[in-house]
Structure formats: C-alpha cells, structure tokens
Amino acid sequence: MNKDSNLSRRILDIHKSAIHEMTRLSRKFEDVAFLSWAKPTSGTPEFIKAAAIDAIKNGLVDGYSESMGIIELREEIAKKVKSYNRIDATPQQILVTVGAIEGLAAGVMTSIDPGDEVILPDPTYSTHIRQVILASGKPILVSLIEEEGFRLNIDEMRKAVTSKTKAIMYCSPANPTGAVFTEKQLRELADLALEYNLMVITDEAYEYFIYDDYKHFSIGSIDEMRDHTISCFTFTKNYAMTGWRIGYLHANEDFIPHLNKAHIPFAICAPVISQYAALAALKGSQTCIDDFRNHYLEARNLMCKRLDELPSVFSYQKPRGSYLMFPKILVKEGKDSVTFCKNLLREVKVSTTPGIAFGPSGESHLRLSFCVPLDMINKAFDRMNRYFS
Ligand SMILES: Cc1ncc(COP(=O)(O)O)c(C=O)c1O
C-alpha cells in the first residue's frame, strides 16, 4: 500500500525542513557550539512571569477569551502600533494571535485561493513559503540583491506579477539575511501592490532589533496601504516569550472579521494566560528590549570580526537587523550547503543552518545566529579557524 495515498497534496508538496534535520543531527553530538538558534537565549523578564502567575491565581485564565483577544490587551497593542509603527490603529483593527506565525497563516488563508501566486523575496523565512503551500497557493520567489545588503529587487518583483498574483509576503528585519528594507524600498513596493491591487502580508517579528542608523518602517503606515496590508507582530522576540505563543496582527477593520474566520478554526483564541502576560509586557518597563538589542549588537560585531578572520572561506553582508546573518561560502565545498553544514557539525561540532533551507538563492550560504552568548560565538569560530586553517 502506498503510505502517501492518505496524505494531502499540499502536505506532500512541503519538503522536510533542513532546519529541523540539522537540529535532529545536532542532538547526536555533545558540546556543540550552536549558531543555529533563532530564539532568544535569555529568559522571559520576571515581571511578565509574575503577571501570568497572578492571572492564574485570580482565575482569569480558565476559559476561552473573546476570539480576537481580551480588550485590555488590544487597547494596549493599538497604542503601541500607533506610536512605534505609526499605523493609526484602533483595538477593532487588532487580532491577537498564537505568535506571529498564526497571524501570518491567517493572513495567507484570508488573502489567497488555491492556485493563486504569492511573491516572496529569495532567500526568505521558509515558514512563509510553507504557509503559502499549505493554503494551496504558489510561492513565487524573487531573488534579493545580495551585494546591496540583500535589497528588494522591485523591478524583478514587477516582472513576476501575473493575473494570478494576489499577495506579497516578506519579513523585515529579515530572517535569514539580517536585511532591513528601507522606507524608500517599501514605498516602491507599496506602489507595486497598489498598481496591481495586491495584498501585502508583513512579518515584523524583529521590529525592535535594528542596528547602526537603520530604522524600522511599517508599510501599513502608508495611508493608501490601509486596505492592502496585514501587518504581523509578536511578543516572542521583544520580550523573550518564544514559548508563550503570543502575537498579533493589524489590518483594516473590515478585514478583521474575515481574518477571525481563519483564526478561530486553528486557535479559537490565543492562549489566555499569555494574553495577560503580554498585557503586562506592554504596560511594564521596556528596558528588556534595549538590553536584548545591546547584547545582539555586541554579538553581531563580534561575529563580523570573527568572520573577517576567514576571508577565503566566507564573504558577508553586515546584518542591519534581526539576530541572524547569511554569509556566502566561498570554498568549493560550500556549493552544497547541506553537506557543508553537516561536515561542520561532524568535524568540529559547530551547528549552523544550510542556506538552501531559505530558497534557491540561499544555496552556497549558511545562516548564523548571533542570538547566543558571546562565548558561544568565540567557541564556534575558534573551532572553524582550526578547521579551515
Ligand atoms: C521572521 C520570523 N517570523 C516569525 C517567527 C516566529 O514568531 P512567533 O514565535 O511569534 O510565531 C520567527 C522565529 O524565528 C521568525 O524568524
């Protein structure tokens, strides 16, 4: 009997994740230097945990909440979206989701029909590609311009538009490249979306982690884009709340009931305990965000310095945001990034992520995370220095 015959086409079209494969392999080794994590290593701030405990003690978390999220939280989120993202938000335009991921999934399910095309930058966060496939859509990948800091190639994106194109989906600051799309690029992207009546689904998970003089820009803040943007955010990165599974999206008030129709069958509501924790996060001191950013900046600078010691092995674009970077592998073994990363793990116990996991333009690259203690970066590079010398 064919085992696959009980599986849907859309599931069969999703290939095994190179990221998970590397994680599985890493477990077979001891004393691994991990540069493959994309989750904060620090814990959730104490005041957020305390608020969650209070919510339990006060009996607030035993039932479902309103599917859109508790009103107090949506009010606080609307204030943040207004002040930081410059989007003129109201609580009625906010949907609280199970991390950014569920908001993005709801955005895709709400915007496309089977067979519709979604344009994404290449390389990009592989989950976005999978979400499009899960919605029976067709991901259309358009290469970024690596030499210019992995900039969007608007001309090529324009050429990729067909009568089936329904949406554009991107993350900025970007996973895996560390790129930050500038306001100018995003205004050009908005013009393209408006010209062809496309939806733009944004993933702004790393919105606070931007370095040097770069600035975060939310395309949803452009007035004309109000009916064309679903902007997705999360508490995961800013407050080190990976496991709490809490995020939110902003969209025009008319879209929210439709997005809610996609949200309810997958989630009913976001975890209620996490909603109270998120409320405390927004109302409390924001110094943790600055602390995280300062650490990532120091770690980025260290990683770039250590990469400079290996100029015949890697070239790289200095990341402008997120806590990830995407060096190009210059040695010939790097042509197959999966084998290259597996060898690094086997030979010197350094765990990295093969670039091919993020789209075809990602081949001959590897993703390195600087969301790790400085010691971990030094340990990994000491080992790589010995290996490549
Ligand atoms: C670009 C990007 N979006 C979303 C997520 C996950 O966000 P959440 O935990 O809020 O679902 C990640 C996690 O690594 C990410 O890199």
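Helices and strands are named here as DSSP runs numbered from the N terminus, a helix being a run of H or I with at least four residues and a strand a run of E with at least two. The model described below is predicted, and the report moves from the ligand site to the loops around it and then to single residues elsewhere in the chain.

**The ligand site**

The space that the ligand takes up is the largest pocket. The shell around the ligand holds 13 residues, of which Ala100, Asp203, Thr234, Thr236 and Arg245 come nearest. Sorted by class, this shell has 6 nonpolar, 4 polar and 3 charged residues, and its largest share, 3 residues, is supplied by helix H5, which spans residues 99-111. The polar side chains that approach oxygen atoms of the ligand are listed next, beginning with Thr234.

| Side chain (polar atom, N or O) | Ligand atom | Distance |
|---|---|---|
| Thr234 | oxygen | 2.5 Å |
| Thr236 | oxygen | 2.7 Å |
| Asn175 | oxygen | 2.8 Å |

Taken on its own, the ligand has 400 Å² of accessible area, and the protein covers 93% of it.

**Helix H5 beyond the ligand shell**

Two residues of helix H5 can be set side by side, namely Ile101 and Gly103. Gly103 has a relative accessible area of 0% and is therefore buried, whereas Ile101, at 29% relative accessibility, counts as partly exposed. Distances from these residues to other parts of the chain can also be given. The C-alpha atoms of Ile101 and Thr177 are separated by 19 Å, although their positions lie 76 residues apart along the chain when counted as a sequence separation. For Gly103 and Phe314, which are 211 residues apart in sequence, the C-alpha to C-alpha distance is 36 Å.

**Two cis peptide bonds before proline**

Asn175, whose side chain has an N or O atom 2.8 Å from a ligand oxygen, is also joined to Pro176 by a cis peptide bond, with omega at about 15°. Pro176 is located in the loop that runs between strand S5 (165-171) and helix H8 (183-195). A cis peptide bond also joins Asp122 and Pro123, where omega is about 5°; Pro123 is placed in the loop between strand S3 (117-122) and helix H6.

Helix H6 itself covers residues 126-134, and its buried residues are Ser126, His128, Ile129, Gln131, Val132 and Ile133. As background to such a list, an α-helix has 3.6 residues a turn, so residues three or four places apart point the same way. After H6 comes Ser136, a residue whose phi is positive, near 60°.

**Positive phi in loop residues**

A positive phi also occurs at Arg86, where the angle is near 60° in a residue other than glycine. Arg86 sits in the loop between helix H4 (71-83) and strand S2 (94-97). Is this residue buried or exposed? Its relative accessibility is 65%, and because the exposed class begins over 50%, Arg86 counts as exposed.

Ile268, likewise a residue other than glycine, has a positive phi near 65° and belongs to the loop between helix H9 (256-267) and helix H10 (272-283). With a relative accessible area of 36%, Ile268 is partly exposed.

**Side-chain contacts at Asp336 and Ser36**

Asp336 is found in the loop between strand S11 (328-329) and helix H12 (337-348). From this position the side chain of Asp336 reaches the backbone nitrogen of Val338 at 3.1 Å. Asp336 has a relative accessibility of 35% and thus counts as partly exposed. Measured by C-alpha atoms in the model, Asp336 and Tyr387 are 18 Å apart in space and 51 residues apart in sequence.

Ser36 lies in a loop as well, between strand S1 (33-34) and helix H3 (46-57). The relative accessibility of Ser36 is 15%, and because residues under 20% are classed as buried, Ser36 counts as buried. Its side chain and that of Ser351 are joined by a polar contact of 2.7 Å.

Methods. Residues numbered from 1 in each chain as written. Predicted model: local features only at pLDDT ≥ 70, side-chain atom pairs only at ≥ 80, totals over all residues. Heavy atoms only, no water. Buried < 20%, exposed > 50% of the residue type's maximum accessible area, 1.4 Å probe, protein only. Near = heavy atom within 4 Å. Polar contact = N/O pair within 3.5 Å; in protein donor to acceptor, adjacent residues only side chain to side chain. Areas by Shrake-Rupley, 256 points an atom, 1.4 Å probe, with all protein chains shown as cover. 1 Å grid on protein atoms, 1.4 Å probe; cavity = no way out; pocket = protein on both sides within 12 Å on 5 of 7 lines; lining within 4 Å. Sits in = over half its atoms within 2 Å of the grid points. Nonpolar A, V, L, I, M, F, W, Y, C, P; charged D, E, K, R; others polar.
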